[in-house]
Amino acid sequence: METENKKRNGLNYKQTFLIGFGFMACMLLWSVYNSYVPVIFRAKLTELTNGGSALPGFLSVALLVNAIMTIDNIFGVIFQPYFGKRSDATHTKWGKRMPYIIFCLPICAIFFCLIPVAASVKAMTLSIILMMTVIIFFNFTMSVWRSPVVSLMPDFTPSHLQSDANAVINIMGGIGQMIGFVVGSIATALVGLLGFTAIHENMKAKANTLGQVLATNADGSVVVNYAKGFDPTQHQDTINNFIASGRDTLYFDGTTFSSTGTDAQLVAQKVVQLGADGNPIYVNYTPIFVVAAVITILCLLILIGFYSKNKQNDLSSNMPVKKAESDKPAKIKIRDLKLSHGERRSLITMLAALFLINNATEAIVPNFTNFALDTLNVKPIYSTLMMAVFAVSLAAFGIPAGAMGRKLGRKKTIIIGLSVIVIMFAIYLAVSQLFTNNKMFVWIVLWIALVVGGAAVGCININTLPLVLAIGGRDYVGTFTGYYYTATFSAAITGPILCGLLIGLFNDNYNYMFLFCSVMFAIGLAVITQVKHGESNPEDEEWIKEAVEAAED
C-alpha cells in the first residue's frame with residue numbers, strides 16, 4: 001500500500017527523464033551552433049572583406065559576426081511566446097505539443113546540417129547569402145518547437161511535483177550542452193574510424209583565421225615564409241610567439257612587431273596547405289553538425305516512443321482549448337505599481353544591473369571559440385571543451401549559490417559573485433598582456449578564471465530572479481517576471497553587438513572580450529549596491545521558489 005501511494009503521489013523519474021530528451025536535443029543544437037557558427041562566419045567575412053579593410057566606418061568583422069549571433073535571441077523573443085500559446089490551443093491525437101516537435105525538429109536538424117555545407121560554397125558572396133538563409137530558417141524552426149518541448153514537463157507533472165521534475169529536465173539539458181561541447185571530438189573520432197582521412201585530418205588541423213589548413217613540417221610545426229633579407233634568428237622570441245599564436249602574418253615597422261599591415265613591412269607569413277586543384281584546403285565542420293543532428297533525431301525518436309506509450313498520462317489533454325489572448329494580463333507600467341518610492345527605485349536599479357550583467361554573460365559564448373583560436377591557437381573542437389569546464393562549474397555551484405543566497409542574503413551573494421568574476425577576468429587580461437612569453441602561466445590563469453568564473457556566475461544567476469520577485473511580492477509575480485525577462489532578453493541582443501564593436505575597435509583582438517565583460521560586470525556591481533529591497537522573509541521562500549520554477553518552465 002505504501003509503495004502504491006508513493007508511486008501515485010511521488011515523481012515518476014523515468015517518465016520525467018524521457019521527457020527530458022526533448023530539452024536535451026534543444027541544448028545540444030544550441031551548444032554546437034554557438035561554438036562553431038561564429039568561427040565559420042568570421043572566416044567567410046574576413047575573406048570577403050579583405051580582413052575587414054573593405055568595411056566602412058566603425059563596422060568590423062567581429063561586430064558583424066556578433067550581430068549575426070543575436071538572430072536566435074531576436075527570434076526567441078518574437079516567435080517562441082507565440083508558438084507556446086499556439087500549442088496551448090492545439091488539440092490532436094498527439095496532444096498539444098508533439099505535433100510541433102515531430103514536424104519542426106527534423107526540419108530544424110536539416111537546416112542545421114546545411115550551415116557548414118553552405119559555408120563550403122567557393123563563391124564567397126553566394127556562400128554568405130546561403131549561410132544567412134539557412135541560419136534564419138534554422139532559428140525560425142527552432143523557435144517553433146522550443147516552447148512546446150519545454151511545456152511537455154508541466155503537461156505530464158502535477159504542479160506540486162514540478163520542482164523535482166524541473167531539476168531532472170535541467171540535468172538533461174546540461175547533458176545535451178555537454179555533448180554539444182564534446183561533439184567535435186566525437187565527430188573527429190568517428191570520421192577517423194570510418195576512414196575519411198582527408199576530412200579527419202582537416203578537422204584536426206592547425207588553421208588560420210580563415211579556416212584554411214596550415215602546412216606543417218614533419219615534427220608538426222607550422223611552416224613559415226620569411227621576407228627576403230629578414231633573419232628570424234635575430235628575433236627568435238618574437239618569431240616563436242608568432243608561430244605559437246593564432247595570427248597569420250607578422251609585420252615589422254622599424255621598431256616593433258605587429259599583426260596589422262598599415263605601412264609596416266610583412267616579415268613572416270604562415271603557409272597555407274593547398275589541395276590538388278591549387279586552392280587552399282579548409283577545415284570541414286560538416287561532420288560535427290551531422291553528428292549533432294543525428295543525436296538530436298535519436299532524442300526525438302525516444303520522445304515519440306515515450307509519448308505513444310504514455311499519452312494517456314498527458315494532464316493537458318482534457319483541458320479546454322485556450323484562446324490566444326483570453327488570459328493575458330494587462331500590462332502594468334512601473335509607475336502604476338502599488339510600491340513605495342524606495343521599492344520602485346530598487347526595482348528600476350535592479351533591472352538596470354541585470355541588463356549590464358547579462359550584457360557581459362551573453363557576450364562570452366559567441367566570442368569564446370574565436371578568442372581561443374586567435375589568442376591560444378586552440379581549434380574550436382578543443383576550445384569547446386574549455387567552455388564545458390565553465391558550464392560544469394556554473395551548474396555544480398547552483399545549489400551552493402542558492403544556499404548562500406538564503407544564508408548571506410541574495411544581494412550580498414550576487415555582489416560576491418560579481419566581485420570574484422571581475423577580479424578573475426581582470427587578472428587574466430593583465431596576465432595575457434604582460435606575460436606574452438610565458439604561455440603556460442597564461443593558460444593556468446585562464447583555466448582558473450574559467451572554473452572560478454563559472455562558480456561566480458552561478459552565484460549571480462541563481463539569485464537575481466528571486467531578488468526581483470521579492471521586491472514586488474506575491475501580488476506582482478507575473479509582472480515582475482516579465483520585467484526580469486525583458487531586461488535579460490534585451491541584454492542578449494545588445495551584449496554580443498557591443499562586445500563585437502569593442503573587439504573591432506582593437507583590430508579584432510578577441511582578448512578585449514574579457515575587458516568588455518569585466519567593465520560590464522563592474523558597472524553592474526556598482527549599480528546593484530544601490531538596490532535596497534528584495535531580501536525575503538523565511539515565510540516567503542516557498543512562493544518565491546514556486547514562482548522561479550514556473551518562470552523557468
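Biologist: Where is Asn-507 found?

Modeller: Asn-507 is in the loop between helix H16 (477-505) and H17. Helices here are DSSP runs of H or I with at least four residues, strands are E runs of at least two, and both are numbered from the N terminus. This is a predicted model, where local features need pLDDT of at least 70, side-chain atom pairs count only at pLDDT 80 or more, and totals for chains, interfaces and linings use all residues. Residues are numbered from 1 along each chain as its sequence is written, and side-chain values use heavy atoms, with hydrogens and water left out.

Biologist: What is phi of Asn-507?

Modeller: The general idea comes first. Most residues other than glycine have a negative phi. Asn-507 has a positive phi, near 55°. Asp-508 is in that loop between H16 and H17 too. Its phi is also positive and near 55°.

Biologist: Asn-507: buried or exposed? And Asp-508?

Modeller: Read relative accessible area: buried is under 20%, exposed is over 50%, and partly exposed is in between (1.4 Å probe, protein chains only). Asn-507 has 59%, so it is exposed. Asp-508 has 14%, so it counts as buried.

Biologist: On to charges. How many salt bridges does a search of the whole structure find?

Modeller: Side chains of opposite charge can pair when their charged atoms come close. The test is a side-chain nitrogen of Lys or Arg within 4 Å of a carboxyl oxygen of Asp or Glu. The whole structure yields two salt bridges.

Biologist: Which residue forms a salt bridge with Asp-374?

Modeller: Arg-42 does, with the closest N and O atoms 2.6 Å apart. This pair links distant parts of the chain: Asp-374 sits in helix H11 and Arg-42 in helix H2 (residues 13-48), 332 residues apart. Both residues are buried.

Biologist: And which residue forms a salt bridge with Asp-277?

Modeller: Lys-122 does, and here the closest N and O atoms are 3.2 Å apart. Asp-277 lies in the loop between strand S4 (265-270) and helix H10 (286-310), while Lys-122 lies in the loop between helix H5 (98-119) and H6, 155 residues away. Lys-122 has a relative accessible area of 64%, so it is exposed.

Biologist: Now helix geometry. How many residues has H6?

Modeller: Start with the expected span: 1.5 Å times one less than the number of residues. H6 (residues 124-156) has 33 residues. It reaches 48 Å between its end C-alpha atoms, close to the 48 Å expected. H5 has 22 residues and reaches 32 Å, close to the 32 Å expected.

Biologist: Where does H6 bend?

Modeller: A bend is the angle between axes fitted to the seven residues ending at a position and the seven starting there. H6 bends by about 25° at Trp-145, and the proline Pro-148 follows within four residues. H5 has a kink of about 30° at Cys-104, shortly before the proline Pro-106.

Biologist: Which residues in H12 are buried?

Modeller: An α-helix has 3.6 residues a turn, so residues three or four places apart point the same way. In H12 the buried residues include Pro-380, Ser-383, Met-387 and Phe-390. Helix H12 (residues 380-396) has 17 residues, so at 1.5 Å a residue it should span 24 Å; its end C-alpha atoms are 24 Å apart, which agrees.

Biologist: What separates Met-178 and Met-387 in space?

Modeller: Their C-alpha atoms are 9.1 Å apart, with their positions 209 residues apart along the chain. Met-178 lies in helix H7 (residues 162-193). Its relative accessible area is 22%, so Met-178 is partly exposed. Compare H6, where Met-153 lies. The C-alpha atoms of Met-153 and Thr-16 are separated by 6.9 Å, although the two are 137 residues apart along the chain. Met-153 has 3% relative accessibility, so it counts as buried.

Biologist: Last feature: which residues line the largest cavity?

Modeller: On a 1 Å grid over the protein atoms alone, a cavity is a set of points where a 1.4 Å probe fits but cannot get out; lining residues have an atom within 4 Å of a point. Its volume is the space filled by probe spheres set on the points, which are joined across faces, edges and corners. The count is one cavity of 30 Å³ or more. The largest holds about 50 Å³. Ile-364, Phe-368, Phe-390, Phe-425, Leu-450, Met-513, Phe-514 and Cys-517 line it. H17 gives the most to this lining, with three residues.

How values were computed. On a 1 Å grid over the protein atoms alone, a cavity is a set of points where a 1.4 Å probe fits but cannot get out, and a pocket is an open set with protein on both sides within 12 Å along at least five of seven lines; lining residues have an atom within 4 Å of a point.
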